[in-house]
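Thanks for sharing this one. Below are my notes, set out as numbered points to read alongside the model.

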Amino acid sequence: MQLDIVNGDNQKIGSVDLRDEVFGGLVKTDLIWESVVRANAAERRGTQMAKNRALVSGSGKKPWRQKGTGRARVGSIRNPLWRHGGVVFPPQPRSYEYQLPKKVERGVLRAALAEKLAHGEVVVVEALESKVVKTKAAAEMLRKLGIAGKAVLVDIKPDAMMARSVRNIPGINLVASSKLTARDVAEAEKVVTTKSALEKLQEALA
C-alpha cells in the first residue's frame, strides 16, 4: 500500500510505503469500542459521595429505652431508616480507571488506523511546522489539505509554534505519535500525520 506525501499546499512531493501485514488486517470494531470506553472511564472524576451512618452528624445516644414505651426499638437517630439518617452502602470517591493489555491496545490502535486508511481519511504531510504563532495561517493550511471538521494531527515531537497555532481551532488535536490513542483516531474525521510519525507508528505496531 502506498500513500502520497503532500506539502502545506497539498501538492504531491513523494510517497510512503505501508506494510499490508500491519494495516491491512481485519478491523475489530468491538476492540476499538472497548478502548474508547476505557479512555472515557479514565477521565471520570469519581467525586460523588454520600454519608453513611458513621459520617452523619448527630448524637449516638439511644433515643429512648428499649422496652416499655410502645414504640419501635431504635438505637440511634443516625439510623438509615430515619429521615436525615445515613445512607446504606453510599457511593464513595473512587477512580474508574482500568487497563487493557498492552498487546490489545497496540492492536486497537492498528485497527483504528487501518479503518481510516481503508476509507481514505489519512493525509501524509512533509512536516507539521509553523514559523510564527498564527491561527489564521494554520487554519488556511488545514483548509488546503481538505480538513473541514475534526482532525488529529500526529508528529513524532509536536512543534511548539504549531501547537500554539492550532490550539484555538475547534476539533483540531495535535498529539505526539507515542501518545496517540485509538480514541483520538476514532473521534477524528481525518488523520493528518507526518511521514516520520507514520513510519514510527508502523514500526511500533508491527
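1. Is His 84 buried or exposed? His 84 counts as exposed, because its relative accessibility is 61%. Please keep in mind throughout that this is a predicted model. His 84 belongs to the loop between α2 (29–42) and α3 (102–118), and its phi is positive, near 70 degrees, although the residue is not a glycine. As background, most residues other than glycine have a negative phi.

2. The loop between α2 and α3 also holds Phe 89. Phe 89 is another residue other than glycine with a positive phi, here about 50 degrees. With a relative accessibility of 79%, Phe 89 counts as exposed, since exposed means over 50%.

3. While you are in that loop, have a look at Leu 55, which is found between α2 and α3 as well. Its relative accessible area of 43% makes Leu 55 partly exposed. Leu 55 and Gly 85 are 30 residues apart along the chain, and their C-alpha atoms are separated by 9.7 Å.

4. Next, the helix α4, residues 135–144. Its buried residues include Ala 138, Met 141 and Leu 142. These three lie on the same side of α4, because they cover an arc of only 100 degrees around the axis. The face turned away from that buried side carries Lys 136 and Arg 143, both exposed. Among the elements covering the buried residues of α4 are β4 (151–155), α5 (160–166) and β5 (172–176). After α4 comes Gly 146, with a positive phi near 85 degrees.

5. Now for the nonpolar cores. The largest has 28 residues, and Leu 3, Val 154 and Leu 180 are the ones that touch the most other members. Two or more residues come from each of β1 (2–6), α1 (20–23), α2, α3, β3 (122–125), β4, α6 (182–187) and α7. The biggest contribution, six residues, is from α3. A second, separate core has 17 residues, including Leu 145, Ala 151, Val 166 and Ile 169.

6. Which residues does Leu 3 touch, not counting those up to four places away in sequence? The contacts of Leu 3 are Gly 14, Ser 15, Val 16, Leu 18, Leu 117, Val 122, Val 124 and Leu 198.

7. The structure has one cavity of 30 Å³ or more. The largest cavity holds about 50 Å³ of space. Its lining consists of Phe 23, Leu 113, Leu 117, Val 122, Val 154, Leu 180, Val 191, Thr 193, Leu 198 and Leu 201. The elements α3, β6 (190–194) and α7 (195–205) each give two or more residues to this lining. By class, the lining has nine nonpolar residues, one polar residue and no charged ones.

8. One of the lining residues of that cavity, Thr 193, deserves a point of its own. Thr 193 sits in strand β6. At 2% relative accessibility, Thr 193 counts as buried, because buried means under 20%. Leaving aside neighbours within four places in sequence, Thr 193 is in contact with Val 122, Val 123, Val 124, Val 125, Val 154 and Leu 198.

9. Turning to the pockets, the largest one contains about 330 Å³ of space. There are 16 residues in its lining, and those nearest its centre are Leu 109, Ser 178, Lys 179, Leu 180 and Thr 181. The elements giving two or more residues are α2, α3 and α7. The largest share, four residues, is supplied by α7. The lining divides into six nonpolar, five polar and five charged residues. Leu 180 is thus a residue to look at in several places: it lines the largest cavity, and it is one of the three that touch the most other members of the largest core.

10. Last, the second largest pocket, with a volume of about 170 Å³. Its lining is made up of Glu 21, Val 22, Gly 25, Leu 26, Lys 28, Leu 31, Gly 107, Arg 110, Ala 111 and Ala 114. Both α1 and α3 supply at least two of these residues, and α3 gives the most, with four. The classes here are five nonpolar, two polar and three charged.

How values were computed. Residues numbered from 1 in each chain as written. Predicted model: local features only at pLDDT ≥ 70, side-chain atom pairs only at ≥ 80, totals over all residues. Heavy atoms only, no water. Buried < 20%, exposed > 50% of the residue type's maximum accessible area, 1.4 Å probe, protein only. Arc of directions from axis to C-beta. Contact = heavy atoms within 4.5 Å. 1 Å grid on protein atoms, 1.4 Å probe; cavity = no way out; pocket = protein on both sides within 12 Å on 5 of 7 lines; lining within 4 Å. Points joined across faces, edges and corners; volume = space filled by probe spheres on them. Nonpolar A, V, L, I, M, F, W, Y, C, P; charged D, E, K, R; others polar. Core = buried A, V, L, I, M, F, W, Y, C linked by side-chain atoms within 4.5 Å.
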